[in-house]
Amino acid sequence: MSTPALLDSATLLERPGQRRGALRSAAPRRGAALVAAVPRPALVADFLAIAALDPAVERLRAATAPVRLTLGDTVLEHAADFEQARTDEPGLLVDVVAEGDLARHPFRTAYVAGEPVVAEDGRRFVIESAATLRAEPRISTVRLIMACRRTHVSAGDRVRILHHLDECGTGRLVECAAMAINAQDGVAAVLALAVEGLVAVDISRPILPETPVRRRMLPYPDPFGF
């Protein structure tokens with residue numbers, strides 16, 4: 001899935017925020033260590049960046065309507081924030097929740113206990129919070145990759161990198177970077193292609209010379225049928 005398609009509409013940031021934007025975090029107790037709360041818009045931005053770099057995500061959009069969710073013997077109707085179409089499961093319904101709002105979320109108990117919540121159509125429902133979205137090393141890897149999104153990749157470097165991956169299937173990052181002979185920073189050129197959705201990088205691990213890189217499916221029909 002290409003990043004432009006994923007981050008296309010401001011509604012992905014604004015609409016979900018309106019659902020729980022009025023909720024306020026409880027005031028911290030006196031004497032407790034103060035940890036800066038991560039604002040929900042920042043968590044949504046992290047969620048979108050992670051989804052953009054996850055090759056299993058084929059489509060992401062704001063949820064269009066409430067769905068019936070099953071937790072044990074209980075059925076509740078709930079409007080999720082996002083819907084994901086994925087290659088590795090029927091689909092995913094996601095709420096992005098700030099830590100201060102978790103106590104009032106209807107599925108908080110299931111989230112804490114790790115109990116499965118499933119929609120009637122088989123899609124899983126999950127809650128993403130600062131604890132999950134900002135887990136290391138993934139969040140640092142995602143930020144390093146997204147920092148390269150404005151790196152210019154010449155036509156020659158683009159073709160050489162992608163052709164190298166076509167030939168070898170999966171290449172090491174340092175090898176792919178060597179294909180970028182016109183770029184000031186070959187690694188940044190490869191990571192810029194990852195932001196475009198043309199290559200996939202394993203975001204669950206730190207960025208290393210041996211980080212595996214592979215081609216992603218074209219986000220549009222290939223006119224040559226390759």
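Helix 9 is followed by Gly-197, whose phi is positive, near 90 degrees. The model described here is predicted. At its other end, the N-terminal one, helix 9 is capped by Asp-185. A side-chain oxygen of Asp-185 lies 3.1 Å from the backbone nitrogen of Val-187.

Helix 9 spans residues 186-196. Of its 11 residues, 9 are buried, so the helix is largely enclosed by the rest of the structure. The buried positions include Gly-186, Ala-188 and Ala-189. Val-190, Leu-191, Ala-192, Leu-193, Ala-194 and Val-195 are buried as well.

Two kinds of neighbour were examined for this helix: a sheet and a helix. Helix 9 lies across strand 9 and strand 10. The angle between helix 9 and strand 9 is about 105 degrees. These strands belong to an open sheet of 3 strands, in the order 8-10-9, with antiparallel pairing. Strand 8 (170-172) and strand 9 (199-201) stand at the edges. Each has a single partner strand, so one side of each is left without a neighbour in the sheet. From one strand to the next, the twist averages 30 degrees. Strands of a sheet pair through backbone hydrogen bonds, in either a parallel or an antiparallel arrangement. Between strand 9 and strand 10 (residues 212-215), the antiparallel pairing runs over 3 bridges. Within this part of the sheet, Val-199 stands opposite Arg-215 of strand 10.

The helical neighbour is helix 7. Two packed helices are described by the angle between their axes and the distance between those axes. Helix 7 (residues 155-168) packs against helix 9 at an angle of about 80 degrees, and the axes are 11 Å apart. Angles of 65 to 115 degrees count as roughly perpendicular, and helix 7 and helix 9 are therefore described in that way. Helix 7 contributes Arg-158, Ile-161 and Leu-162 to the contact. Helix 9 contributes Val-190, Leu-193 and Glu-196. By class, this contact has 4 nonpolar and 2 charged residues, with no polar ones. Val-190 and Leu-193 are also among the buried residues of helix 9.

Helix 7 also holds Gly-156. Gly-156 is partly exposed, with a relative accessible area of 26%. In sequence, Gly-156 and Asn-182 are 26 residues apart. In space, their C-alpha atoms are 7.8 Å apart.

A second enclosed element is strand 4 (residues 82-86). Here 5 of the 5 residues are buried, so strand 4 is largely enclosed by the rest of the structure. In a regular strand the side chains alternate between the two faces of the sheet. In strand 4, Phe-82, Gln-84 and Arg-86 point one way. Glu-83 and Ala-85 point the other way, and all of these residues are buried. The buried set thus takes in charged and polar residue types, with Glu, Arg and Gln classed accordingly.

Strand 4 pairs with strand 1 and with strand 5. With strand 1 (residues 57-62), the pairing is antiparallel over 5 bridges. Leu-60 stands opposite Gln-84 in this pairing. With strand 5 (residues 92-96), strand 4 pairs in the antiparallel sense over 3 bridges. Glu-83 has Leu-93 of strand 5 as its bridge partner. Strand 4 and strand 5 form a hairpin, with 5 residues between them. In the turn, Gly-91 has a positive phi of about 155 degrees.

Another hairpin is formed by strand 2 and strand 3, with 2 residues between them. Gly-72 lies in the turn and has a positive phi of about 65 degrees. Strand 2 (residues 67-71) and strand 3 (residues 74-78) pair in the antiparallel sense over 5 bridges. Val-67 has His-78 of strand 3 as its bridge partner. Strand 2 also pairs with strand 6 (residues 117-119), again in the antiparallel sense, over 2 bridges. In that pairing, Leu-69 is matched with Ala-119 of strand 6.

For the chain as a whole, there are 9 helices and 10 strands. Of its 226 residues, 42% count as buried. Among contacts with a separation of 6 or more, residues 24 or more positions apart account for 67%.

Definitions and conventions. Residues numbered from 1 in each chain as written. Predicted model: local features only at pLDDT ≥ 70, side-chain atom pairs only at ≥ 80, totals over all residues. Heavy atoms only, no water. Buried < 20%, exposed > 50% of the residue type's maximum accessible area, 1.4 Å probe, protein only. Helix = DSSP H or I, 4+ residues; strand = E, 2+ residues; numbered from the N terminus. Polar contact = N/O pair within 3.5 Å; in protein donor to acceptor, adjacent residues only side chain to side chain. Pairing = 2+ DSSP bridges. Axes fitted to C-alpha atoms, helices over the stretch in contact; angles between N-to-C directions. Contact = heavy atoms within 4.5 Å. Parallel < 35°, antiparallel > 145°, perpendicular 65-115°, else oblique.
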